[in-house]
Amino acid sequence: MSTFDAIEHAIYDPFVQQSFPVKDARQKFWLDSEFRSFAGKKDPRSQALGYWPRAGELTFRESTAIRYVIVFPDTVGGASDDYVYLTTSNRAEQGVEAHIAYFAQQPPDFYIFDFSIGSADPGVPAGRLARQVAVAKLGDYVFPITVAGLPRNGILVINQTRRVQPQHWMNSVFLGVVRNGVTQRYDAVYTHSYCLFADDDQQPQRNGFWGPEIEAFFPFTKSINAMGFTQAMWYQDGARHGIDNTNSEKHDDIIGLKISPDGPQGEFLVR
């Protein structure tokens, strides 16, 4: 393992403003991965409802991350018979997505999708889909949470891209271990280091432009089981940024769903 692949011994959680120890769980997470199915990201059918950064906001130089709890049910419900994602970018063009993915009414998987990997990279069985782990295998990473009076599953994620040295970057995904509502530590479950021609190439262009959202590939005709995000916050170049009207705005492709309750942008449910 090169020094560029070395993980941090601690990571700062911007929501609770506290550092937590980090355990290296990358090998186990790789062994738990099964590449069974996948729908292409942001293809012409892709539709979304959520909160996206405003153009020119949430820029960065050295590092960008988003910290969030995905709030999700056991199944999508409604009439869903295709892919549905609970996802967000971290604002980096070659960054990484870490999200819950459903197919039809099957139980959910946890996906890690890495834009820095070539789509035909022989080292990755499913191209840019770098990890696919059944939620049933996530163990301590899944915890009970109640949002807007609804009991749901939660998974705490920090999705990070940082510059290791000029033109050399690393994508990382950390999952929180939460017991009795208290975060114990974070586990590093994925890293990938890579080079860019220029550091400015990391600014969002074709990728990295969306924030917390539900993404689908078809219009919904019935309401679904409520799902969404809570405790979401950006952390860029050492500065904390809430998700609010100063930096983000609602994005709605009219997919037949609504945000309810329509509260803080860092905490919302779609149904």
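The radius of gyration of the protein chain in this predicted model is 17 Å, which agrees with the value near 18 Å that a compact globule of 271 residues would have. Taken along the principal axes, the box filled by the C-alpha atoms is roughly 50 × 40 × 40 Å. The secondary structure consists of one helix and 17 strands. Of the 271 residues, 55% count as buried. Among contacts with a separation of 6 or more, 71% are made by residues 24 or more positions apart.

The accessible surface of the protein chain comes to about 11400 Å², and carbon and sulfur atoms account for 50% of that area. The chain carries 25 positive and 31 negative charges, and the mean positions of the two sets are 4 Å apart.

Two loop residues, Glu93 and Gln202, illustrate contacts between distant parts of the sequence. Glu93 is located in the loop between strand E5 (83-87) and strand E6 (96-103), whereas Gln202 belongs to the loop between strand E12 (182-195) and strand E13 (213-216). The two residues are 109 residues apart in sequence, yet their C-alpha atoms are 4.8 Å apart in space. Glu93 has a relative accessibility of 3% and therefore counts as buried, since the limit for a buried residue is under 20%. Gln202 is likewise buried, with a relative accessible area of 0%.

Each of these side chains has a polar atom placed by a backbone nitrogen of the other loop region. The side chain of Glu93 reaches the backbone nitrogen of Gln205 at 2.7 Å. In turn, a polar atom of the Gln202 side chain lies 2.7 Å from the backbone nitrogen of Gln94. Leaving aside neighbours within four places in sequence, Glu93 is in contact with Phe115 and with the run Asp201, Gln202, Gln203, Pro204, Gln205, Arg206 and Asn207. With residues up to four places away in sequence not counted, Gln202 touches Arg91, Ala92, Glu93, Gln94 and Gly95, as well as Phe60, Thr161, Trp169, Tyr194 and Leu196.

Gly56 provides a contrast in accessibility. This residue is found in the loop between strand E3 (47-53) and strand E4 (63-72) and counts as exposed because its relative accessibility is 61%, the limit for exposed being over 50%. Phe115, one of the contacts of Glu93, is 59 residues from Gly56 in sequence and 21 Å from Gly56 in space, C-alpha to C-alpha.

Backbone geometry was examined next. Most residues other than glycine have a negative phi, and most peptide bonds are trans. Ala104, which is not a glycine, has a positive phi of about 50°. Ala104 is placed in the loop between E6 and strand E7 (109-114) and, at 16% relative accessibility, counts as buried. Asp237 also has a positive phi, near 50°, and is a residue other than glycine. The position of Asp237 is in the loop between strand E14 (227-236) and strand E15 (239-242); with a relative accessible area of 37%, Asp237 is partly exposed. A cis peptide bond, with omega about 0°, joins Ser260 and Pro261. Pro261 lies in the loop between strand E16 (248-252) and strand E17 (268-270).

Terms used: Residues numbered from 1 in each chain as written. Predicted model: local features only at pLDDT ≥ 70, side-chain atom pairs only at ≥ 80, totals over all residues. Heavy atoms only, no water. Helix = DSSP H or I, 4+ residues; strand = E, 2+ residues; numbered from the N terminus. Buried < 20%, exposed > 50% of the residue type's maximum accessible area, 1.4 Å probe, protein only. Polar contact = N/O pair within 3.5 Å; in protein donor to acceptor, adjacent residues only side chain to side chain. Contact = heavy atoms within 4.5 Å. Rg over C-alpha atoms; globule rule 2.2 N^0.38 Å. Areas by Shrake-Rupley, 256 points an atom, 1.4 Å probe, with all protein chains shown as cover. Lys, Arg positive; Asp, Glu negative; His and termini not counted. Charge placed at Lys NZ, Arg CZ, Asp CG, Glu CD.
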